[in-house]
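Happy to walk through this one with you. Here is the model, followed by a few questions and answers.

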Amino acid sequence: TLSGIAQENMLLRRVSTLSASASSFKTLALTQPKEYVFQVELNRPEKRNALNNDMWREIGECFHMLSENSDCRAVVLSGAGKLFCAGIDLMELSKDILSVEGDVARKAFKMRTLVTSFQGSLTAIEQCRKPVIAAVHSGCIGAGVDMISACDVRYCAADSFFEIKEVDVGLAADVGTLQRLPKIVGNNSLVRELCFTGRRFFASDADKMGLVSAVYANRDETVGAAIAIASLMASKSPVAVQGTKVNLNFSRDHSVAQGLEYMANWNMAMLQSADLVESVQAAFEKRPAKFSKL
């Protein structure tokens with residue numbers, strides 16, 4: 001039928017657009033390992049996935065794109081090569097800082113623009129409507145910790161180690177760790193110790209403090225587990241899952257009363273979703289629920 005042809009053409013255009021966007025990334029590898037699940041892999045293995053300007057920009061672009069892509073319902077974030085992420089590319093950062101010209105005030109405004117652009121790239125992970133699962137292996141250093149702190153769920157391999165390294169290079173962590181990690185871990189004393197010292201902590205420590213949900217034997221098992229849980233999330237109502245993420249993030253930053261009011265306002269519309277009817281009907285018919293794209 002004409003409507004069927006139109007839908008097929010629309011799907012082909014969407015896939016073509018996504019493929020074109022994925023192929024344009026220099027520092028990320030974007031794949032789809034399962035239906036509705038996308039994997040974003042940091043892809044500068046020769047530089048231990050250190051974040052250069054291209055990677056900062058592409059992370060923001062990629063997660064904005066996936067947030068709006070109806071074929072994506074969950075995202076796995078991993079790293080190629082020996083390390084998950086070695087932090088910021090210090091050579092490139094040094095060049096950026098040294099190239100800033102002007103008096104103190106003008107330099108300050110330019111530096112603020114640089115910092116906020118980096119912050120925005122990682123905030124795009126947090127603001128992506130789809131759940132993001134980090135799969136960490138080996139080193140997760142400096143900005144790598146900022147990055148996984150913006151994710152919804154974190155798994156790691158047994159060989160993982162973490163360092164909030166910024167104090168060792170003469171600055172305070174400025175792209176999310178100081179703001180997000182205390183709310184993830186819940187142990188303010190430990191967070192301050194790790195941030196003040198930059199000392200290394202390991203997978204068992206991350207598990208004990210609640211930074212990660214689980215520890216797996218190696219990188220492949222960690223990524224596999226992340227893809228499996230992402231696939232489970234993707235099988236649920238996208239209205240329910242994405243609404244849950246929005247409200248969890250809102251409630252984290254507001255009082256219980258404000259969170260409840262926001263939830264009531266949210267669900268006064270979302271309780272009218274077809275997904276609720278489909279879930280109930282599927283349960284009665286003892287079949288998996290099928291939800292339309294969002």
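Contact here means heavy atoms within 4.5 Å. This is a predicted model, where local features need pLDDT of at least 70, side-chain atom pairs count only at pLDDT 80 or more, and totals for chains, interfaces and linings use all residues. Residues are numbered from 1 along each chain as its sequence is written, and side-chain values use heavy atoms, with hydrogens and water left out.

Q: Is K245 buried or exposed?
A: Let's start with the cut-offs: buried means under 20% relative accessible area, exposed over 50%, and partly exposed in between (1.4 Å probe, protein chains only). K245 has a relative accessible area of 6%. K245 therefore counts as buried.

Q: Which residues does K245 touch, not counting residues up to four places away in sequence?
A: K245 belongs to helix α10, residues 238–252 (helices are DSSP runs of H or I, at least four residues; strands are runs of E, at least two; both are numbered from the N terminus). The side chain of K245 reaches the backbone oxygen of I125 at 3.4 Å. With that sequence exclusion, its contacts are I125, E126, C128, R129, K130, P131, V132 and D152.

Q: Which residue in β8 is the bridge partner of F161?
A: An open sheet with mixed pairing has the order β5-β7-β8 (two strands pair if DSSP finds at least two bridges between them). Its edge strands, each pairing on one side only, are β5 (139–141) and β8 (201–202). Strand β7 (residues 161–163) pairs with β8 in the antiparallel sense over two bridges. The β8 partner of F161 is F202.

Key
Polar contact = N/O pair within 3.5 Å; in protein donor to acceptor, adjacent residues only side chain to side chain.
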